[in-house]
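The following exercises concern a protein structure shown with its ligands. Each task is followed by a solution that proceeds step by step.

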Amino acid sequence: MIKRILLSGSNGQIGSELIEELRKIYGRSNVIGADLREPTPEILENGPYVKLDITNAHELANVIKEYKIDAIINMAAILSAVGEQNPHRAWNVNINGLINILEVSRELGVKRILNPSSIAVFGPTTPKENTPQETVLKPTSMYGITKVTGELLGEYYVRKYNLDVRGLRYPGIISYKTLPGGGTTDYAVAIFFDAIKYKHYKCFLKKDTMLPMMYMPDCLKATIDLFHADFSKLKHFTDFNIAAMSFTPEMLYNEIKKYLPEFTIEYEPDYRQQIADSWPRSIDDSLAREEWGWAPSYDMETMVEDMIKNVKIKVEKCEY
Ligand code: NAD
Ligand code: AKB
């Protein structure tokens, strides 16, 4: 039975929403948020939080002991676009931070670890359509390299130390509560805010760049369902493909235009185009469906409808 969870990276796009869902299930005081930032009164109002750098194994061990943590969900990471600007930092956080989590968990008896992966594990030589889970993994971005290494490290700890380590490959995650932290798929969030605020968006990817994407409610459901899956029944552990929808910037633009007819777009691809070109166009998630019952609820049309409604509210309240 899991009682106390440490959520590292709790201030990020996914962590800031996942923490609320976990607190509904486990109780507010039993989910400890952790991130690089000093705690603000607003953060502390919501529940326990510690300032923690996961690359510091000593600090991490102290937090696990102090709060009697028995599971860790690690959302702390450097994403693809920021990672290409500072590859060494990406390696340090995504790999040295992760190995600290695995080692400290093994030493202190943490029962379960969930560490997300990404479609960035795939590279230019991977089949692009309906990409299977088991396929060529030769990414060209530092972020992708750290994500493949992270999957393999997790599996190593399962085999070698019998540790319960799980993970899933998120596609680009779309949400409105916390802005994304520097990825290649971030355009699919920024476009909504600019459409509503300025009626114009300058896109950093080409109009026909098809990428796999997912709406946040499905991302949270997948994460919590895999976290709760019966580990003894899993045949795979750290590398589940999950999918919901795939679209290009032009397809998304046309869908948003149905709600905002004056909306215009221009395309000015930058260094992120090369990263996007190395990723799949669509994903085969049949193993997640088979092994732990994964199924998404949102497609592009229902996601856009919900995003427009909620981003309008945010913009009206001047929250962005
Ligand atoms: P994010 O960038 O929004 O948040 C990451 C958080 O980690 C930030 O709050 C940051 O301050 C924190 N952090 C960075 N370095 C840290 C350190 N050394 N110690 C403690 N905290 C640190 O990222 P996200 O989008 O929420 O992603 C969460 C996880 O999901 C990551 O593993 C990411 O690779 C994965 N993922 C995300 C997406 C997506 O589209 N959001 C897609 C695929 C995979
Ligand atoms: C990124 O673009 O870096 C992330 C991801 C797909 O891992 N959104």
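**Exercise 1.** How far does a polar side-chain atom of S118 lie from an oxygen atom of ligand 2?

*Solution.* The model is a predicted one. In it, the distance between a polar side-chain atom of S118 and an oxygen atom of ligand 2 is 2.6 Å. A polar contact requires a pair of N or O atoms within 3.5 Å. Two further side chains are to be considered in turn. For S80, an N or O atom of the side chain is 2.5 Å from an oxygen atom of ligand 2. For Y143, a polar side-chain atom is 2.7 Å from an oxygen atom of ligand 2. The protein buries 94% of the 250 Å² that ligand 2 exposes when taken alone.

**Exercise 2.** Describe the surroundings of ligand 2 by residue, by class and by domain.

*Solution.* First, list the residues: L79, S80, S118, I119, Y143, G183, T184, T185 and W279 surround ligand 2. Secondly, sort this shell by class: four residues are nonpolar, five are polar and none is charged. Thirdly, assign the shell to domains. Domain 1 (5–172 + 214–241) and domain 2 (174–213 + 245–316) each contribute at least three residues to the shell around ligand 2.

**Exercise 3.** Which residues come nearest to ligand 1, and which polar atoms lie beside this ligand?

*Solution.* Begin with the shell. There are 26 residues around ligand 1, and Q13, D35, Y143, K147 and I173 come nearest. Next, examine individual atoms. A polar side-chain atom of K147 is 2.8 Å from an oxygen atom of ligand 1. In D53, a polar side-chain atom lies 2.9 Å from a nitrogen atom of the ligand. The backbone also takes part: a polar backbone atom of G12 is 3.2 Å from an oxygen atom of ligand 1. On its own, ligand 1 has 830 Å² of accessible area, of which the protein covers 92%.

The shell around ligand 1 may then be described as a whole. By class, the shell has 14 nonpolar, nine polar and three charged residues. By element, β6, α6 (142–161) and β9 (172–174) each supply at least two residues.

**Exercise 4.** In what order do the strands of the open sheet that contains β8 stand?

*Solution.* The order is β6-β8-β12, an open sheet of three strands with parallel pairing. At the edges are β6 (117–118) and β12 (240–241), each of which pairs on one side only. Now consider one pairing in detail. Strand β8 (residues 168–170) runs parallel to β12, and two bridges join them. Within this part of the sheet, R169 stands opposite N241 in β12.

**Exercise 5.** Why is the protein said to be as compact as a globular protein of its length?

*Solution.* Start with the elements: the protein has twelve helices and 14 strands. The radius of gyration is 19 Å, close to the 20 Å given by the globule rule for 320 residues, so the protein is as compact as a globular protein of that length. Finally, the C-alpha atoms fill a box of roughly 55 × 45 × 35 Å along the principal axes.

How values were computed: Residues numbered from 1 in each chain as written. Chains lettered and ligands numbered in written order. Predicted model: local features only at pLDDT ≥ 70, side-chain atom pairs only at ≥ 80, totals over all residues. Heavy atoms only, no water. Polar contact = N/O pair within 3.5 Å; in protein donor to acceptor, adjacent residues only side chain to side chain. Areas by Shrake-Rupley, 256 points an atom, 1.4 Å probe, with all protein chains shown as cover. Nonpolar A, V, L, I, M, F, W, Y, C, P; charged D, E, K, R; others polar. Domains from an automatic or database assignment. Pairing = 2+ DSSP bridges. Helix = DSSP H or I, 4+ residues; strand = E, 2+ residues; numbered from the N terminus. Near = heavy atom within 4 Å. Rg over C-alpha atoms; globule rule 2.2 N^0.38 Å.
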